Amino acid sequence: MLIKIKPNILSSEITDRAVFESRREFIKAAAVLSAGVMLPGLAQADSSANLQVTDRNDVANYTNYYEFSTNKHDSTILAQALKTKPWSVEVVGEAEKTGVYNLEDILKDNPVQERVYRFRCVEAWSMVVPWLGFPLADMLKRFKPTSKAKFVEFTTLYNPEVMVGQRSNVLSWPYVEGLRMDEAMHPLTMMVTGMYGKELPNQNGAPLRLIVPWKYGFKSIKAIVKIRFRENMPGTTWHKSAPHEYGFYANVNPEVPHPRWSQSRERVLGSSIFASKRNTEKFNGYGAEVAALYSGMDLTKYF
């Protein structure tokens, strides 16, 4: 059964023309998704965005996945050893419906759609990716968070036998990230199960990862196995590791430099080293949709 979902046209959401022209191939490829997953209509294009979808090979072979390696290429090989089926997610904390949920059941309750988002890494490289997934809010509402739930905490799988990077002390394991509840419930925030019309590759966070397109990439936690509804702000991995470099909010902001480099410009993944960098947009170009979340906040302090 094909369910067509037309998300609102976003100021920074674009789809390459080739994606539209290959609709038949997209549907055929998406058939490999887990049983019970519904297929979407293709995301709409914004003609004002002069960007191209990044080549899939570049996205699949240049990743930050410290659970396997600090090298951005090695994870492509090392992550293949991770078994992603079966998979379950534990839900705990300030919610009425806690427990352990099979991913297959989560997918049955949350029809998948395609959304093309710009993605920005804190190291100042960016890409544009057609993700497959569903709004995080749709999933969280089913767990019925209580009025005490002010934040949502996410935890990555801890398996150092396979995730060999977890044997090092480069970070505190397991990886933990978090969002304020209004950020988590925002319609742009997405739980991702695939990209480019196929299942999510292991090195890109399979089988379940987060995408928060107006934030730096380290907020988009991979291989999620636990969700905790919290009253207090969680201690997140990179913020605990280097709080002067990695803030809890991690909103893309060219006006707030990283202590070791500027954030005012970015290089598009896959472009030539001789190609000009593009200007970084505040909130990664999604300001019209999300700036109100931070009204009255000093974003140089709450970075």
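This is a walk through a predicted model, one selection at a time.

**The whole chain**

Start with everything shown as a cartoon. The protein chain has nine helices and twelve strands. Of its 303 residues, 54% count as buried. Now switch to a surface view: the accessible surface comes to about 13700 Å², and 51% of that belongs to carbon and sulfur atoms. If you like contact maps, take the contacts between residues at least 6 apart in sequence: 72% of them join residues at least 24 apart.

Next, colour by pLDDT. The mean for the protein chain is 87, and 83% of the residues reach 70 or more. Then select residues 1-48, where pLDDT stays under 50. The model still has 99 contacts beyond four places in sequence for that stretch.

**Into the core**

Hide the surface and pick Trp131, Phe154, Met191, Trp214, Ile227 and Phe229. These are the residues with the most contacts inside the largest nonpolar core, which has 78 residues. Which strand gives the most to this core? Strand S4 does, with six residues. As background, nonpolar side chains tend to be buried together in soluble globular proteins.

Stay on Met191 and show what surrounds it. Setting aside neighbours within four places in sequence, Met191 is in contact with Leu132, Gly133, Phe134, Leu136 and Met139, and also with Phe154, Leu208, Arg209, Ile224 and Ile227. Two of the core residues you just picked, Phe154 and Ile227, are in that list.

**Aromatic pairs**

Time for the rings. Over the whole structure, a search finds 14 aromatic pairs. To describe a pair of aromatic rings, you use the distance of the centres and the angle of the planes.

Select Tyr62 and Trp125. Their ring centres are 5.1 Å apart and the planes sit at 70°, so this pair is edge-to-face. Tyr62 is in the loop between helix H3 (56-60) and helix H4 (75-78), while Trp125 belongs to strand S4 (residues 125-135), so the pair ties together parts 63 residues apart in sequence. Buried or exposed? Trp125 is buried at 9% relative accessible area, whereas Tyr62 is partly exposed at 24%.

Now jump to Phe283 and Tyr294. Here the centres are 5.7 Å apart with the planes at 15°, so the pair is stacked. Phe283 sits in the loop between strand S12 (278-279) and helix H9 (287-290), and Tyr294 in the segment after H9, so the parts tied together are eleven residues apart in sequence. Both rings belong to buried residues: Phe283 has a relative accessible area of 5% and Tyr294 has 3%.

Widen the selection by adding Phe151, Phe248, Tyr249 and Tyr302. Together with Phe283 and Tyr294, they form one aromatic cluster.

**Charges over rings**

Keep Phe248 from that cluster and add Lys219. The charged end of Lys219 sits over the Phe248 ring, 4.2 Å from its centre. For another example, select Lys222 and Tyr65: the charged end of Lys222 sits over the ring of Tyr65, 5.1 Å from the ring centre.

**Backbone oddities**

Some background for this stop: most peptide bonds are trans, and most residues other than glycine have a negative phi.

Zoom to Lys85 and Pro86. The peptide bond from Lys85 to Pro86 is cis, with omega near -5°. Pro86 is in the loop between H4 and strand S1 (88-93). Another cis peptide bond joins Ala206 and Pro207, with omega about 5°. You'll find Pro207 in the loop between strand S8 (198-199) and strand S9 (209-211).

Then check phi at Tyr196: it is near 55°, a positive value in a residue other than glycine. Tyr196 lies in the loop between strand S7 (190-195) and S8, and at 16% relative accessibility it counts as buried. Where is Asn284? Asn284 is in the loop between S12 and H9, and it has a positive phi of about 60° although it is not a glycine. With 1% relative accessibility, Asn284 counts as buried.

**Last stop**

Finish on Lys240 in helix H8 (residues 237-241). At 54% relative accessibility, Lys240 counts as exposed. Draw a distance from its C-alpha atom to that of Val176: the separation is 10.0 Å, for residues 64 apart along the chain.

Note on methods. Residues are numbered from 1 along each chain as its sequence is written. This is a predicted model: local features need pLDDT of at least 70, side-chain atom pairs count only at pLDDT 80 or more; totals for chains, interfaces and linings use all residues. Side-chain values use heavy atoms; hydrogens and water are left out. Rings of Phe, Tyr and Trp (its six-membered ring) pair if their centres lie within 6.5 Å; planes under 30 degrees apart count as stacked, over 60 as edge-to-face and the rest as tilted. Helices (H or I, at least four residues) and strands (E, at least two) are DSSP runs, numbered from the N terminus. Buried means under 20% relative accessible area, exposed over 50%, partly exposed in between (1.4 Å probe, protein chains only). A charge sits over a ring if NZ of Lys or CZ of Arg is within 6 Å of the ring centre and within 35 degrees of the ring normal. A nonpolar core is a set of buried Ala, Val, Leu, Ile, Met, Phe, Trp, Tyr and Cys residues joined through side-chain atoms within 4.5 Å. Contact means heavy atoms within 4.5 Å. Accessible areas come from the Shrake-Rupley method with a 1.4 Å probe; for residues, only the protein chains shown count as cover. pLDDT is the predictor's confidence in each residue, from 0 to 100.
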